[in-house]
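Here is a friendly walk through one protein model, taken a feature at a time. Keep the 3D view open and find each spot as it comes up.

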Amino acid sequence: MMVQPLRSVEARSSPSVLGATEHRLAVLLNANARQVDARLVKFLSHVVPEQDLFLSRSELDCRRIVQTILERDYPVVMTGGGDGTFLGVVNEMFRQMEPRGRFAGRQAPRLGVLKLGTGNGLASYVNSSGGTEGILQDVTRARAGKVSGQRCMELLMVDGTRTPFAGLGVDGKLLNDYLWVKDHLGRGLLKKLLSGPGGYFSAVAFKTVPHYLTNPTRVECEVTNGQAGPAYRVDPDGRPVGEPFAPGARLFKGELIMAAAATMPYYGYGFRMFPFAGQRPGMMQLRLGQLNPPHVLANLPKLWAGRWFPEGLHDFYAREVHLRFSRPMPFQIGGDAAGYRREVTLGMAAESVELLDFLPSVQ
């Protein structure tokens, strides 16, 4: 993954005293992210004091930076580099705040997300601004205390990793296909076209769907409710329907092309994959798909907007679920490919995070 510093995190002078209208915050950038370059760092250095601006190039850098951030007790931390950068910081932060960790009992800072990644699902969720000017405006607003919006986002726990979304099946393949399209075709004149929503549409149309037209589409899967509490089927309006599923009950058994869950609506580029995520405290939205690829392609705009609920799409609220496929499926955690898995347990994490929401200021 991960975040990585441009600037050393060795001991520096204490944070400077800010004016009455300025708020202390740290800005942590992933120096490996394509949009994080010397020009951006120079611009940010004009609005963020040197000792509050960190750049990271490795997991070791991430650990050291997070340690410094917790030592200095910043009330706000802004990350830039994509969903993976954010999740790397969050997981390291909570690791250092575990009961036996150095910062046990410490309250986590509020977090801001700069729109500097590839998919930017989290940036869509909190209305972050795009482009260098927009990024500088978001940081400036945060330092001036003019970001009044906040969101509490719960997290999943998957294989020991905290994340707002994860899944097995076609969504994992789609993410891999998108990265392939962007890396192999998104160059030169096509770079802008294939590095955003156009890249996702191209991946679906020219790689994902053709693959499933010539290969087995559906795989047998059994989905079982965990022991954390009851689960509920969800209707197209996001309301629980029918009798609740008791702990240990089977939620589904049949052929699927996808099984995924989330605590926030977006995958990236405004793709509202989980329209009901975050609406029921303490529960994830689980989405199971039995759809045919041509049907998906024909209705992609409605699916993208979170407004398509065909018969083969099954939604649930749950606290913990166990997925078992009959053969290994592409697996993704937080938008990063995680190999292939036949079985996985998705559960709600004990921790949540407070996010800055960059909704336009009301005059």
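How many salt bridges does a search of the whole structure find? The search turns up 12 salt bridges. Keep in mind that what you're looking at is a predicted model.

## The big picture

Let's get our bearings. The protein chain holds nine helices and 16 strands. It has 363 residues, and buried ones make up 55% of them.

Now for how the chain meets itself. Take the contacts between residues at least 6 apart in sequence: 75% of these join residues at least 24 apart.

## Charged pairs across the chain

Back to the salt bridges. Side chains of opposite charge can pair when their charged atoms come close. One such pair here is R151 and D357, whose closest N and O atoms are 2.9 Å apart. R151 sits in strand β5 (residues 149-158) and D357 in strand β16 (residues 336-357), so this salt bridge ties together parts that are 206 residues apart in sequence. Is each partner buried or exposed, or something in between? R151 is partly exposed, with a relative accessible area of 28%, whereas D357 is buried at 4%.

R250 and E222 make another salt bridge, at 3.0 Å from N to O. Here R250 belongs to strand β11 (residues 250-256) and E222 to strand β8 (residues 219-225), so the pair ties together parts that are 28 residues apart in sequence. R250 is partly exposed, with a relative accessible area of 48%, while E222 is buried, with 15%. There's a third member to look for as well: E222, R250 and R324 are linked in a network of salt bridges.

## A bridge between two loops

Which residue does D73 pair with in a salt bridge? The partner is R106, and the closest N and O atoms of the two are 3.9 Å apart. A salt bridge is counted here when such atoms lie within 4 Å, so this pair makes the cut at 3.9 Å. D73 is in the loop between α2 (59-72) and β3 (76-80), and R106 is in the loop between α3 (83-96) and β4 (110-114). That puts the two 33 residues apart, and the pair links distant parts of the chain. Both ends are partly exposed: D73 has a relative accessible area of 46%, and R106 has 29%.

## Helix α2 and its surroundings

Just before D73 comes α2, so let's look at that helix. At 1.5 Å a residue, its 14 residues should span 20 Å, and the end C-alpha atoms of α2 are indeed 20 Å apart. Which residues of α2 are buried? They are D61, C62, I65, V66, T68, I69, L70 and R72. An α-helix has 3.6 residues a turn, so residues three or four places apart point the same way. As for what covers the buried residues of α2, the list includes β1 (26-30), β2 (53-56), β3 and α3.

A cysteine is among those buried residues, namely C62, with a relative accessibility of 1%. C152, on the other hand, is partly exposed at 47%. As for disulfides, the structure holds zero.

## A cavity by α2 and α3

How many cavities of 30 Å³ or more does a search of the whole structure find? There are two. The second largest has a volume of about 30 Å³. Its lining is made of V66, I69, V77, V89, M93, P109 and L111. Helices α2 and α3 each supply at least two residues of that lining. Two of the lining residues, V66 and I69, were also on the list of buried residues of α2.

## Two unusual backbone angles

Most residues other than glycine have a negative phi, and most peptide bonds are trans. D73 goes the other way: just after α2, it takes a positive phi of about 60°. This is the D73 that pairs with R106.

D159 has a positive phi too, about 55°, although it is not a glycine. Where is D159 found? Look in the loop between β5 and β6 (161-163). D159 counts as partly exposed, at 45% relative accessibility.

How values were computed
Residues are numbered from 1 along each chain as its sequence is written. This is a predicted model: local features need pLDDT of at least 70, side-chain atom pairs count only at pLDDT 80 or more; totals for chains, interfaces and linings use all residues. Side-chain values use heavy atoms; hydrogens and water are left out. A salt bridge is a side-chain nitrogen of Lys or Arg within 4 Å of a carboxyl oxygen of Asp or Glu. Helices (H or I, at least four residues) and strands (E, at least two) are DSSP runs, numbered from the N terminus. Buried means under 20% relative accessible area, exposed over 50%, partly exposed in between (1.4 Å probe, protein chains only). The expected span of a helix is 1.5 Å times one less than its number of residues. Contact means heavy atoms within 4.5 Å. A disulfide is a pair of cysteine sulfur atoms within 2.5 Å. On a 1 Å grid over the protein atoms alone, a cavity is a set of points where a 1.4 Å probe fits but cannot get out, and a pocket is an open set with protein on both sides within 12 Å along at least five of seven lines; lining residues have an atom within 4 Å of a point. Grid points are joined across faces, edges and corners, and a volume is the space filled by probe spheres set on the points.
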